[in-house]
Amino acid sequence: RYTLVTGVQTCALPISKSFVKKFIDLLALHKLNRFHWHLTDDQGWRIEIKQYPRLTEVGAWRKQTVSGHWRRNEPNTYDGKPHGGFYTQADIAEIVAYAADRCITVVPEIEMPGHAQAAIAAYPELGNTDVLPPEPLEVSPDWGVNVHVFNANEGTILFLQGVLDEVLALFPSQYIHVGGDECPKREWHESPAAQARMQELGLADEEELQSYFIRRMDDYLVQRGRRLVGWDEILEGGLAPNAIVMSWRGEAGGIAAAQAGHDVIMASNRYTYFDYLQSEDRDAEPLGIGGFISLEKAYSFEPIPPELTPEQGRHIIGGQGQLWTEYIADPRHLEYMAFPRLVALAESVWTPAERKNYADFRGRLSTHLQRLDILDVNYRKPTD
């Protein structure tokens, strides 16, 4: 079984190989057996793909980064500093082996068809060229949901399958994450080429076009003995038959998928998004995306919803904590956001619901925090 995972994004914040190893050591300490590694996004492409060198020559670097919170319809300021970096395939192999020695499987994520601007900046033909602005796209300096997405042409699908060829050679994980989240359909709606593609395939709307895109990746992975994982948006337009749903927008998507007989990883942003603040007093915390998840809230996470029958509940194969790094300045900040909430999540997911006891957990936590002190982990001091 998938059991427990922690996901970390390195697209916004390039994280050194040495810190990735330290983080893996901390996962092993807490009996977390998967490391979900988000490696591509609008703001950076962080994995070397040898047959497509511009993905890192161009896509791994942005000219500057928005300062503070990005606002869609308001003026933003920028730091004016180039930002980037990527992991070579040798780096990846070293980290995968390091994790395996600690009984942790690394699950890679290559985003598609949304969160694609870094790749389109490197290879413009991957975008919806008939509706893109005349000037070339650059790697995005902004956070948020980006309207520039991959086109659904056969050449683009084969390009991304070529990327996955190299990804599969590096990652022995049975599970391969392809994103599928936050893919605006505006460009497809406005693109004559995308509309013609939909007509050619007999698809009713843009949601079905995304479903077609994901199904192609599902078929590709099944043929190679792997399983596709995608965020719960892959339910829209029809779910690929072998796909695993990672339910992040609450529990509803995961419940629907499990009731339909699909495997699910629960990753609800109500309990498991550790880029959310740890206090309702925003000024008392480092810069964060917003939201609020307390230590007690993280401990209360229960991956198997009560709405499911025992048979349906067997399709919940794990839970996951998320650390998105847009507003995380450095590894010490990352540690602060992760711990001790990750400690609470680990105990919660490994503990049957009827045995959970937050007061007992808090009574034992002080001893564990002494271990984190010895390991030089910059955790947040609990106050609740």
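**Entry 1: the largest pocket**

I began with the lining of the largest pocket, which by class comprises ten nonpolar, seven polar and eight charged residues. I note at the outset that the model I am reading is a predicted one. The lining is made up of 25 residues, and I wrote down G144, V145, E182, I289 and E326 as those that lie nearest the pocket centre. For the space itself I have a volume of about 480 Å³. As a reminder to myself, rolling a probe the size of a water molecule over the atoms shows where empty space is left.

**Entry 2: cysteines**

How many disulfides does the structure hold? I found zero. A disulfide is a covalent bond between the sulfur atoms of two cysteines. I then looked up two cysteines for their accessibility: C103 counts as exposed because its relative accessibility is 65%, whereas C183, at 7% relative accessibility, counts as buried.

**Entry 3: strand β12 and L323**

I next turned to strand β12, which covers residues 316-323 and includes L323. Is L323 buried or exposed? Its relative accessibility is 3%, so I entered L323 as buried. The whole strand fits with that entry, because eight of the eight residues of β12 are buried and the strand is therefore largely enclosed by the rest of the structure.

I also looked up the pairing of this strand, and found that β12 runs parallel to strand β11 (residues 264-266), with three bridges between the two. One bridge that I can name sets V264 against its partner I316 in β12. In a regular strand the side chains alternate between the two faces of the sheet.

For a distance I took L323 and V131, which are separated by 192 residues in sequence and by 33 Å in space, C-alpha to C-alpha.

**Entry 4: strands β8, β9 and β10**

Which strands pair with β9? On one hand, strand β8 (residues 175-179) is joined to β9 by three bridges, and the two run parallel. On the other, strand β10 (residues 244-247) also pairs with β9 in the parallel sense, again over three bridges. I could follow V229 of β9 through both pairings, since H177 stands opposite V229 and V229 in turn stands opposite I244 in β10. As for burial, four of the five residues of β9 (residues 227-231) are buried, so I describe this strand as largely enclosed by the rest of the structure.

**Entry 5: helices α12 and α13, and the loop between them**

I found α12 to be mostly covered, with six of its eight residues buried. The buried residues are H333, L334, E335, Y336, M337 and A338. What caps the N-terminal end of α12? The cap is D330, of which a side-chain oxygen lies 3.1 Å from the backbone nitrogen of R332.

After α12 (331-338) I came to P340, which is found in the loop that leads to α13 (341-350). The peptide bond from F339 to P340 is cis, and its omega is near 10 degrees.

In α13 itself eight of the ten residues are buried, so this helix is largely enclosed by the rest of the structure. I listed the buried residues as R341, L342, V343, A344, L345, A346, S348 and V349. An α-helix has 3.6 residues a turn, so residues three or four places apart point the same way.

**Entry 6: backbone points in the loops**

Before looking at the loops I wrote down the usual expectation, that most residues other than glycine have a negative phi and most peptide bonds are trans.

The loop between β7 (105-112) and α4 (117-122) contains P113. A cis peptide bond joins M112 to this proline, with omega at about -10 degrees. H115 is found in the loop between β7 and α4 as well, and the phi of H115 is positive, near 50 degrees, in a residue other than glycine. Because its relative accessibility is 7%, H115 counts as buried.

Where is K31 found? I placed K31 in the loop between α1 (17-29) and β2 (34-38). The phi of K31 is near 60 degrees, which is again a positive value in a residue other than glycine. Is K31 buried or exposed? K31 counts as exposed, because its relative accessibility is 62% and the cut-off for exposed is over 50%. H115, by contrast, is buried at 7%, where the cut-off for buried is under 20%.

How values were computed:
Residues are numbered from 1 along each chain as its sequence is written. This is a predicted model: local features need pLDDT of at least 70, side-chain atom pairs count only at pLDDT 80 or more; totals for chains, interfaces and linings use all residues. Side-chain values use heavy atoms; hydrogens and water are left out. On a 1 Å grid over the protein atoms alone, a cavity is a set of points where a 1.4 Å probe fits but cannot get out, and a pocket is an open set with protein on both sides within 12 Å along at least five of seven lines; lining residues have an atom within 4 Å of a point. Grid points are joined across faces, edges and corners, and a volume is the space filled by probe spheres set on the points. Ala, Val, Leu, Ile, Met, Phe, Trp, Tyr, Cys and Pro count as nonpolar, Asp, Glu, Lys and Arg as charged, and the others, Gly among them, as polar. A disulfide is a pair of cysteine sulfur atoms within 2.5 Å. Buried means under 20% relative accessible area, exposed over 50%, partly exposed in between (1.4 Å probe, protein chains only). Two strands pair if DSSP finds at least two bridges between them. A polar contact is a pair of N or O atoms within 3.5 Å; within protein, one must be able to donate a hydrogen and the other to accept it, and residues adjacent in sequence count only if both atoms are side-chain atoms.
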